[in-house]
Amino acid sequence: MDTQRDRLFIALTKIVRGLTKPAEMASYLGQLGVDHRKYCVQPAMYPAVGQALIATLRAFAGSAFTPLAEQAWTSTYETAARLMIKASQEAGASTPAYWTAQVVAHDKRTDRIAVLTVETDQPLPYQSGQHVTVQTKRWPRVWRPYSIACRPREDGLIRFHVKAVPGGWVSSALVNHTRVGDRLALGPAAGGMSLAAAGKRDLICVAGGTGLAPLKAIAEQIAIDEPSSRSRRHVLLFWGARSEAELYDLKELWRLTETYPWLRVYPVVSAEQDYRGMQGDVGQVAARYLPNAECEAYVAGPAAMVWQTITALSKAGQAIERIHYDEALLVSRRPGGSGT
């Protein structure tokens, strides 16, 4: 339960940090409420969680948790609970608590990395850059989040890039024990890392490992949204891995660059000295190639890599409000900062 505990901590701290952004928080809390449906969370359960939260704050904050502070926290939690309950009830009128899907392709690219394509029994709405939670029959009631690696497709197929990590129950099951024809369960789409925040500005995308998935989806979305624009934005995609062998999707990326000249891909390897291309930390490398002061940055990958990249881009002059990432996927605790 360590991972679930950390995600709860992140959700709570995001709520506290985002109190000055009511619209953004309403959207975030709405997504949480909709996602809770797959756990069979009922409205009557929210007060119990609120009581536990206040009791915890009272126990650990000591004298700093004044009656005024308790009143503020209680009011804040009640408002958050109302937003989550409302979103859950509205979603229940038109969408299932979760989607069932069948694996239609399982392409094992390396010993630890696989690309899965699934077909849902009914359409699952999402935006490029978002993630869903996945449950396998091997581990019932255990859900893990994975970014969707393609734009919304006309045929409804959904693709995931999965790396089996040590101790990763769901990731190991998906990579090593899942076959074509197997059934999965998918939670509702969540996350705010989408193209909406970028307008028509150029993008610098920085991916680490399977963090390539949402950034590839965003690139595909640009190709669909701007099919004939001569002034289409430029997209620089820096993709980092420890070794060349772990650049599992490079052939597909080269194909995309041949089709879409506005997309430029830069593979970066960090632990292979005889690699002929760019070497080093992918965030540090990307920071040296910011296209212009008005560009938007998108970052995805392991938590440590994301935080390091944000720091490197900020030092290079990238405005923090123009650095976007999916905070819900980062289970590492880190104070400060914000993202979409």
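## Salt-bridge network

Asp-107, Arg-109, Lys-216 and Asp-249 are joined in a network of salt bridges. The model is a predicted one. Within the network, the side chains of Arg-109 and Asp-249 meet at 2.9 Å, N to O. This pair links distant parts of the chain, with Arg-109 in the loop between E1 and E2 and Asp-249 in the loop between strand E8 (235–241) and helix H7 (250–259), 140 residues apart. Asp-249 has a relative accessible area of 3% and is therefore buried, while Arg-109, at 32%, is partly exposed.

## Other salt bridges

The structure holds 13 salt bridges. One of them pairs Glu-296 with Arg-201, the closest N and O atoms being 2.8 Å apart. Glu-296 belongs to strand E11 (residues 296–300) and Arg-201 to the loop between E6 and strand E7 (203–208), so the bridge ties together parts that are 95 residues apart in sequence. Glu-296 is buried, with a relative accessible area of 2%; Arg-201 is partly exposed, with 30%.

Another salt bridge joins the side chains of Asp-35 and Lys-38, at 2.5 Å from N to O. Asp-35 counts as buried because its relative accessibility, 15%, falls under the 20% limit. Lys-38 is buried too, with a relative accessible area of 7%. Lys-38 also lies over the face of Trp-143, at 5.1 Å from the ring centre.

## The loop between H2 and H3

What is the nearest side chain of opposite charge to Arg-37, and how far away is it? It is Asp-35, at 9.2 Å; Arg-37 is buried yet has no salt bridge. A salt bridge requires the nitrogen and the carboxyl oxygen to be within 4 Å, so at 9.2 Å Asp-35 does not form one with Arg-37. Arg-37 is placed in the loop between H2 and H3. Leaving aside neighbours within four places in sequence, Arg-37 is in contact with Ser-88, Ala-91, Gly-92, Thr-95, Pro-96 and Ala-97.

Cys-40 is found in the loop between helix H2 (22–35) and helix H3 (46–61). Cys-40 is exposed, with 53% relative accessibility, and has a positive phi of about 60° although it is not a glycine.

## The loop between E3 and E4

Most residues other than glycine have a negative phi. Arg-141, which is not a glycine, has a positive phi near 70°. Arg-141 lies in the loop between strand E3 (131–136) and strand E4 (144–147). Its relative accessible area is 72%, so Arg-141 counts as exposed.

## Aromatic pairs

The count of aromatic pairs comes to 8. Trp-139 and Trp-169 form a stacked pair, with 4.5 Å centre to centre and 20° between the planes. Trp-139 lies in the loop between E3 and E4 and Trp-169 in helix H5, so the pair ties together parts that are 30 residues apart in sequence. Both are partly exposed, Trp-139 with a relative accessible area of 30% and Trp-169 with 46%.

Elsewhere, Phe-238, Tyr-266 and Tyr-289 form one aromatic cluster.

## Packing of helix H5

Which residues of helix H5 (residues 169–176) are buried? They are Val-170, Ser-171, Ala-173, Leu-174 and Val-175. The cover over these buried residues includes strand E1 (99–108), strand E2 (113–120), E3, E4, strand E5 (157–163) and strand E6 (183–186).

## Overall fold

The protein chain has 9 helices and 12 strands. Of its 340 residues, 46% count as buried. Among contacts between residues at least 6 apart in sequence, 70% join residues at least 24 apart.

The C-alpha atoms fill a box of roughly 60 × 50 × 40 Å along the principal axes. The radius of gyration of the protein chain is 21 Å, which agrees with the value near 20 Å for a compact globule of 340 residues.

Definitions and conventions: Residues are numbered from 1 along each chain as its sequence is written. This is a predicted model: local features need pLDDT of at least 70, side-chain atom pairs count only at pLDDT 80 or more; totals for chains, interfaces and linings use all residues. Side-chain values use heavy atoms; hydrogens and water are left out. Helices (H or I, at least four residues) and strands (E, at least two) are DSSP runs, numbered from the N terminus. Buried means under 20% relative accessible area, exposed over 50%, partly exposed in between (1.4 Å probe, protein chains only). Lys and Arg count as positive and Asp and Glu as negative; His and the chain ends are not counted. Contact means heavy atoms within 4.5 Å. Rings of Phe, Tyr and Trp (its six-membered ring) pair if their centres lie within 6.5 Å; planes under 30 degrees apart count as stacked, over 60 as edge-to-face and the rest as tilted. A charge sits over a ring if NZ of Lys or CZ of Arg is within 6 Å of the ring centre and within 35 degrees of the ring normal. The radius of gyration is taken over C-alpha atoms; the globule rule is 2.2 Å times the number of residues to the power 0.38.
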